[in-house]
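The following exercises concern a protein and its surroundings. Study the sequence and structure, then work through each solution in order.

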Number of protein chains: 2
Amino acid sequence: MKLTPLIERFVLHCGEMGSRWGINRTIGQVYALLFLSPTALCAEEICERLGISRSNASVALRELESWRLIRREHRPNDRREFYRAPEDLWLIFRTMIEERHRREVEPTLSMLREALLTEPASAEEFYARERMAAMHELIEQATDWLEQIRLMPPARLRQLLRLGRRLLSLLDLAEKAGLLPQSPLEESDHVLA
Amino acid sequence: MKLTPLIERFVLHCGEMGSRWGINRTIGQVYALLFLSPTALCAEEICERLGISRSNASVALRELESWRLIRREHRPNDRREFYRAPEDLWLIFRTMIEERHRREVEPTLSMLREALLTEPASAEEFYARERMAAMHELIEQATDWLEQIRLMPPARLRQLLRLGRRLLSLLDLAEKAGLLPQSPLEESDHVLA
DNA sequence: CGCGATTTTCTGAAATCACGGAAAAGAATG
DNA sequence: CATTCTTTTCCGTGATTTCAGAAAATCGCG
């Protein structure tokens, strides 16, 4: 690996995290390298710096593209493709959430919806169905939230993030203004809690 | 697998999702089974229902315990240990987030903090350091958020979740009330965006 | 077209991981 | 303290995943 110690450390760490995340080590490393790079890099350079094979880099890059975490670039008078990680950290974060949602949450919602169509055939199934219904509801709410966040202009989003420990006071404020749903707690609490 | 079709389907799906999440299929299945079960189950029963070996179940159960996703129970006059998934869905969700935070975010923060102590030795490293600093800041903000959520009473949390598309209006309200940080956008935007 | 440059796909080897069976350890009971 | 029931650990095997190298495909350009 031909990297400065600072960069190498970050790259190795991301590789490690990559494996815990279901994506593999190489993909994590390639992303880390691009994330730290001020310029777009070509595949060959990525291979050299990380000490991986060309083919390995190829699949990693394709995978990262499918996650929308990197984009290709072209330079005039150069056939090679260059890859770059978008800079805006918030955007990156949001993209990751969106992609995970698409790949994991949505299929789960479908499964639940279908499952909920069937009539429970026993007490055991009845309970199971209740649980799935509760899960379905929670996920849908979370999805709504996500959608709100997706639609929010970045500046606003950063405000929201920076809100930190003022969040609680904000909620108090909201309650006083009657903005919070006046908790139909009865109906949902016996399911959720 | 000795399960009703409804339950089997859910279990298989969770197993599938488990493998995408870095935890393995068996663990996902065991959790799914417990999640749907109205009563605590003993290891033996889990093995039978899922058609897995005793040892396999043992490691899965231990792993789930380390994630605080299930707890052990004892019954009088019964030596066996019984396992149960907590019911409160919100609590489950929060636990997952907390554990992932502990296992993935915190080590990353440490790494970043240490890395940020070193002086950049080149233009390349200088940029890399900037990127890490920005990442560090974002993660810290997210962590603050998480902490707010952790401290929030469950009822309040559910309100917040149910807020859905009123979130934007809430933010407007907050801005008017002067609760939002008056965006020191200049300093952070050239790094983040 | 055809040629060099580049990327993608294929294939087999190596590494890792998942899992079951057996042995070991631990806990309650008489 | 032995017996029995239960859980845990260890280890071998089989499956899956990762990866490099080679072959194939694609692309730009004369």
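For the classes used below, Ala, Val, Leu, Ile, Met, Phe, Trp, Tyr, Cys and Pro count as nonpolar, Asp, Glu, Lys and Arg as charged, and the others, Gly among them, as polar. The model is predicted: local features need pLDDT of at least 70, side-chain atom pairs count only at pLDDT 80 or more, and totals for chains, interfaces and linings use all residues. Residues are numbered from 1 along each chain as its sequence is written, chains are lettered from A and ligands numbered from 1 in the order in which they are written, and side-chain values use heavy atoms, with hydrogens and water left out.

**Exercise 1.** Describe the surface near DNA strand D by class.

Step 1. DNA strand D is surrounded by 18 residues, where near means that a heavy atom of the residue lies within 4 Å.
Step 2. Two of these residues are nonpolar, eight are polar and eight are charged.
Step 3. With four residues, α4(B) gives the most to this surface; helices are DSSP runs (H or I, at least four residues), numbered from the N terminus.

**Exercise 2.** Determine which atoms of DNA strand D face polar side-chain atoms of Arg54(B) and Arg79(B).

Step 1. A polar contact is a pair of N or O atoms within 3.5 Å.
Step 2. For Arg54(B), the partner is a phosphate oxygen, 2.8 Å away.
Step 3. For Arg79(B), the partner is a base oxygen at 3.1 Å.

**Exercise 3.** State how chain A is superposed on chain B.

Step 1. A rotation of 180° with 0.0 Å of shift along its axis achieves the superposition, with an RMSD of 0.1 Å, by least squares on the C-alpha atoms of residues with pLDDT of at least 70 in both.
Step 2. The two copies are therefore related as by a two-fold rotation axis.

Note on methods
A polar contact is a pair of N or O atoms within 3.5 Å; within protein, one must be able to donate a hydrogen and the other to accept it, and residues adjacent in sequence count only if both atoms are side-chain atoms. Helices (H or I, at least four residues) and strands (E, at least two) are DSSP runs, numbered from the N terminus.
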